[in-house]
Every structure is written in C-alpha cells, then in structure tokens.
Amino acid sequence: MDVKIAEDWKQHLSGEFQKDYFLRLVEFVKHEYGTNTIYPKGRNIFRAFEESTFDNLKVVIIGQDPYHGPGQANGLCFSVHDGIQYPPSLQNIFKELVDDTGCPMPDSGDLDRWARQGVLLLNSVLTVRAHQAASHQGKGWEIFTDAVVNVIAREKKEIVYMLWGAYAQKKGAIVNRADNCVLETVHPSPLSAHRGFFGCKHFSKANEYLQSKGKTPIQW
C-alpha cells in the first residue's frame, strides 16, 4: 500500500504498510470515513510525517488521539488550525511555554511551526469519531505508532522526548535514556496540569539539551 508521507519516513516505515494489521486498519478507517464523521480530514491523517522529516528530527511529543470536536484536529498532536479556539490542553501548554521561556503568548494554535523545525507531534491513534474520544483505540493505530517510536529509538540518538502523562511515558519506555533526553511529567489537561506540568520547564530544558549537542534550538 502507498501511504503518502515524507520519503525518508517511508524508507523506515514502508514495511509496516504491508503487514496484516495495517491492511485491516486501512479497511476499518475507510469504512469509518464512509459511514461516520471522522477527524482529522483524510488528507491530514499522516500529516505529522509530512511536516517533520525523519532526517531533521530533534524532538518527539506524544499525544493520545486527535481532538474530536469540529474543525479542531489537523494531524499534529495538540495542534489546531488557525482560527480555532485553543483546547484546554493546548492553553496549558502555551501557558507553560510563556512562563518557561518568557516568549509572548502564541497567536496561533497551529504547531506546524514546531514540526518544520524537527518536532514530531505524534498522536498514538491517528483518527477518531466526532465527539467520541478514544473511539478508534485498539484498531491497530497503536501498533503502527509503536513501530514509529521503535524506529526512532533504534536509528536516532540525541533526540528530546517530551512525554506528558502515563500514556506517553509507557509508549516512550523503550527509549534509551543514556543516548537521549527524556523529559517526563503529567499530562497538560486541566485534570492534571497543576500536578507538575506547570513549572516543568520542558521547553527550555529541551533547547538546553539540543544546544549542548551542537543543534539549533527550537523557536517555540
């Protein structure tokens, strides 16, 4: 099967697209798009692998599944299109970013600007039914995104992993801490942000690590 992603990602992931689980997943997703309202738009399902190339990868941020409200999900975890009100988790991410770095509050919730600098904004599950959180969990997406994390962990070093919440931390457990920078805290949702996300300083810590390895820091 030909999945449209950046060529360097395709070189590392093409084997997954031929596996039985992925072919079953494709059939499920096609049926869902044909019979329900599904987010993000089909052309944006693999957008994280188009905006952030494998060769340019510096930072990995792991989410769960896409936003399930109208117009929110755009294929990058935590990101929304311009003109969409910031969801609560993104509001908290930006609040910590401002407090940590002193930058002004971002005027756009579209995180393309991060992705193009080498930040992979990876949801564990890449599709969802409208207004039904976690509705596409357990259908095969997790196997695929585990394979993504595995290939990064195997092929790349000196990567910053920002693992927010137990779900992301479990997915990133394979990462070698000696060869990479692994930053962990609670999820930025309103239910948990006050238990450690605020004040974690992950944005400045990520840039300090990148600079220590001779890499250009992220303009958050």
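No disulfides turn up anywhere in this structure, which is a predicted model. The sulfur of Cys181 has its closest cysteine partner in Cys200, but the two are 12 Å apart, too far for a bond. Below you will find the cysteines, two of the helices, some backbone oddities, a few buried residues and the largest pocket.

**Cysteines**

- Why is there no bond between Cys181 and Cys200? A disulfide needs sulfur atoms within 2.5 Å, and the sulfur of Cys181 is 12 Å from that of Cys200, so the pair is too far apart.
- Seen from the other side, Cys200 is in no disulfide either, with the sulfur of Cys181 as its nearest cysteine sulfur.
- Cys181 counts as buried, at 12% relative accessibility.
- Cys200 also counts as buried, at 8% relative accessibility.

**Helix 4**

- Helix 4 runs over residues 88-101, and its 14 residues reach 20 Å from the first C-alpha to the last, close to the 20 Å expected at 1.5 Å a residue.
- Which of its residues are buried? They are Ser89, Leu90, Asn92, Ile93, Phe94, Glu96, Leu97 and Asp100.
- As background, an α-helix has 3.6 residues a turn, so residues three or four places apart point the same way.
- The cover over the buried residues of helix 4 includes helix 5 (112-115), strand 5 (160-164) and helix 8 (202-212).
- Gly102, just after helix 4, has a positive phi of about 80 degrees.

**Asn92, a residue of helix 4**

- Asn92 sits in helix 4 and counts as buried at 13% relative accessibility.
- Leaving aside neighbours within four places in sequence, Asn92 is in contact with Pro188, Ser189, Pro190, Ala193, Phe197 and Phe198.
- One of these partners, Phe197, is 105 residues from Asn92 in sequence, while their C-alpha atoms are 8.4 Å apart in space.

**Helix 8**

- The buried residues in helix 8 are His202, Phe203, Ser204, Ala206, Asn207, Tyr209 and Leu210.
- What do they pack against? Their packing partners are strand 2, helix 4, helix 5, strand 5 and strand 6.
- Gly214 comes just after helix 8 and takes a positive phi of about 75 degrees.

**Strand 5 and Val160**

- Val160 belongs to strand 5 and is buried, with a relative accessible area of 0%.
- Beyond its neighbours within four places in sequence, Val160 is in contact with Lys58, Val59, Val60, Cys181, Leu183, Ala206, Tyr209 and Leu210.
- Val160 and Val59 are 101 residues apart along the chain, yet 4.6 Å separates their C-alpha atoms.

**Ser52, in a loop**

- Where is Ser52 found? Its place is the loop between helix 3 and strand 2.
- Is Ser52 buried or exposed? Ser52 is buried, with a relative accessible area of 0%.
- Apart from neighbours within four places in sequence, Ser52 is in contact with Trp9, Leu57, Ala115, Gly118, Val119 and Leu120.

**Backbone features worth a look**

- The peptide bond from Tyr39 to Pro40 is cis, with omega near -5 degrees.
- You can find Pro40 in the loop between strand 1 (38-39) and helix 3 (48-51).
- Phe78 is not a glycine, but has a positive phi of about 70 degrees.
- Phe78 lies in the loop between strand 2 (59-63) and helix 4, and is buried, with a relative accessible area of 8%.
- Lys201 is not a glycine either, and has a positive phi of about 60 degrees.
- Lys201 lies in the loop between strand 6 (181-185) and helix 8, and is partly exposed, with a relative accessible area of 40%.

**The largest pocket**

- The largest pocket holds about 450 Å³ of space.
- It is lined by 26 residues, and those closest to its centre are Asp65, Pro66, Tyr67, Ser89 and His187.
- Among these, Ser89 is also one of the buried residues of helix 4.
- How does the lining divide? The lining of the largest pocket has 13 nonpolar residues, twelve polar and one charged.

How values were computed: Residues numbered from 1 in each chain as written. Predicted model: local features only at pLDDT ≥ 70, side-chain atom pairs only at ≥ 80, totals over all residues. Heavy atoms only, no water. Helix = DSSP H or I, 4+ residues; strand = E, 2+ residues; numbered from the N terminus. Expected span 1.5 Å × (residues − 1). Buried < 20%, exposed > 50% of the residue type's maximum accessible area, 1.4 Å probe, protein only. Contact = heavy atoms within 4.5 Å. 1 Å grid on protein atoms, 1.4 Å probe; cavity = no way out; pocket = protein on both sides within 12 Å on 5 of 7 lines; lining within 4 Å. Points joined across faces, edges and corners; volume = space filled by probe spheres on them. Nonpolar A, V, L, I, M, F, W, Y, C, P; charged D, E, K, R; others polar.
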